[in-house]
Amino acid sequence: MHRVKRRSAIAVATGTALAASLLTVAGAQAGEQSSDAAAAPDISVENVQGHLKELDSIAQANGGNRAHGEPGYKASVDYVKGKLDEAGFETQVQEFDEGGATGYNLIADWPGGSGDDVLMAGGHLDSVTEGAGINDNGSGSAGLLEVALAVASGDLEPSKHLRFAWWGAEELGMVGSTHYVDSLDEAERGKIGGYLNFDMIGSPNPGYFVYQEDQALEKVFTDYFAGKNIETEPAEGTEGRSDHAAFSDAGIPVGGLFTGAEGVMTEDQAAKWNGTAGEAFDKCYHSQCDGMDNLNTEALDANSDALAHAVWELSS
């Protein structure tokens, strides 16, 4: 997650496809939650951790980080792309320039579904230069990858078109995701009915925060967690700090999950989340110590399952 807010100036996308998608999303909330939830698989946290170990190994072999412009970032893209290609996704690597270095977005489309009604889920793959970025944002990237692989292994046939994305240069100001949205014409933006962002979902002293930008998308997550007896709070201070900003600025409904960064957990939060009051949600945020020991497995598991639930429910 990027520390300083940056908002892009993108024309607001409108159109009948977007309006129809919003109605579809809202209508899904009126259906029975139990059958939708049952359709989503239980995501193996061990598999998610396996992807994180690979990303950590990539960082250690490339100067200790996976930052934009550094070899560890391109190696991370190659690792994720290889898994998706093998699973049957149609992948595209989109290049852009930032600071004199080539950046890369990885876009993966699952064949099928209506091309006029697209559900996207994404998160940034780059780290800061200080460390391997295992929670920020290896956690979101690995969770997305394992959910995408579950789509393939389950041979999901959604009515909407599913698109996953791993963004570059988020830590420099949401550069990759902004480039992607800017590259779309108005008609293409209008086909994206919703974008879900997953940036830090395994913080070691975790909160359970849900983006509140779009009520229908927020409800998908809050209902899911309520069914698991996990209390949530609206994510505050996330506006403009991660890759959903470019989509929101373009008029695309956004949602997502976040387990906390440099903010400090309160007494009330510690009581309901079994955490440690007075400590940061992620004490290693943007630091060298953001490695494999900087994760809460329970939060990583719960949020990966919630990610899958949202993809299954919203794409049906």
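## Exercises on a predicted chain

Of the 316 residues in the chain, 57% count as buried. The model is a predicted one. The chain holds eleven helices and eight strands. Its accessible surface comes to about 11900 Å², and 46% of this belongs to carbon and sulfur atoms.

**Exercise 1. Determine which cysteines form a disulfide, and state its handedness.**

Step 1. A disulfide requires sulfur atoms within 2.5 Å. The sulfur atoms of Cys284 and Cys289 lie 2.0 Å apart, and the two residues form a disulfide. The count by this rule is one disulfide.

Step 2. The torsion about the S-S bond of Cys284 and Cys289 is about -115°, so the disulfide is left-handed.

Step 3. The burial of each partner follows from its relative accessibility, with buried meaning under 20% and exposed over 50%. Cys284, at 6%, therefore counts as buried. Cys289, at 42%, counts as partly exposed.

**Exercise 2. Establish whether His51 is buried or exposed, and list its contacts beyond its neighbours within four places in sequence.**

Step 1. His51 is located in helix H3, residues 45-60.

Step 2. The relative accessible area of His51 is 7%, so this residue is buried.

Step 3. With neighbours within four places in sequence set aside, His51 is in contact with Tyr79, Ala142, Leu145, Glu146 and Leu149.

Step 4. Helix H5 spans residues 134-153; 19 of its 20 residues are buried, so this helix is largely enclosed by the rest of the structure. Just after H5, Asp155 adopts a positive phi of about 50°.

**Exercise 3. Give the strand order of the sheet and describe which helices pack on it.**

Step 1. The open sheet comprises eight strands in the order S1-S2-S4-S3-S5-S8-S6-S7, with mixed pairing. Its edge strands are S1 (90-98) and S7 (233-234), each of which pairs on one side only.

Step 2. Strand S6 (residues 209-210) pairs with strand S8 (residues 254-258) in the antiparallel sense over two bridges. Phe209 has Phe258 in S8 as its bridge partner.

Step 3. Helix H6 (residues 175-183) packs on the sheet and touches S1, S2 (101-110), S3 (114-124) and S4 (160-167). The direction of H6 makes about 110° with that of S1.

Step 4. Helix H11 (residues 297-315) also packs on the sheet, touching S3, S4, S5 (192-198) and S8. Its direction makes about 145° with that of S4.

**Exercise 4. State what share of the contacts with a separation of 6 or more joins residues 24 or more positions apart.**

Solution. Among contacts in the chain with a separation of 6 or more, residues 24 or more positions apart account for 79%.

Technical notes. Residues are numbered from 1 along each chain as its sequence is written. This is a predicted model: local features need pLDDT of at least 70, side-chain atom pairs count only at pLDDT 80 or more; totals for chains, interfaces and linings use all residues. Side-chain values use heavy atoms; hydrogens and water are left out. Buried means under 20% relative accessible area, exposed over 50%, partly exposed in between (1.4 Å probe, protein chains only). Helices (H or I, at least four residues) and strands (E, at least two) are DSSP runs, numbered from the N terminus. Contact means heavy atoms within 4.5 Å. Accessible areas come from the Shrake-Rupley method with a 1.4 Å probe; for residues, only the protein chains shown count as cover. Two strands pair if DSSP finds at least two bridges between them. Axes are lines fitted to C-alpha atoms, for helices over the stretch in contact, and angles run from 0 to 180 degrees between N-to-C directions.
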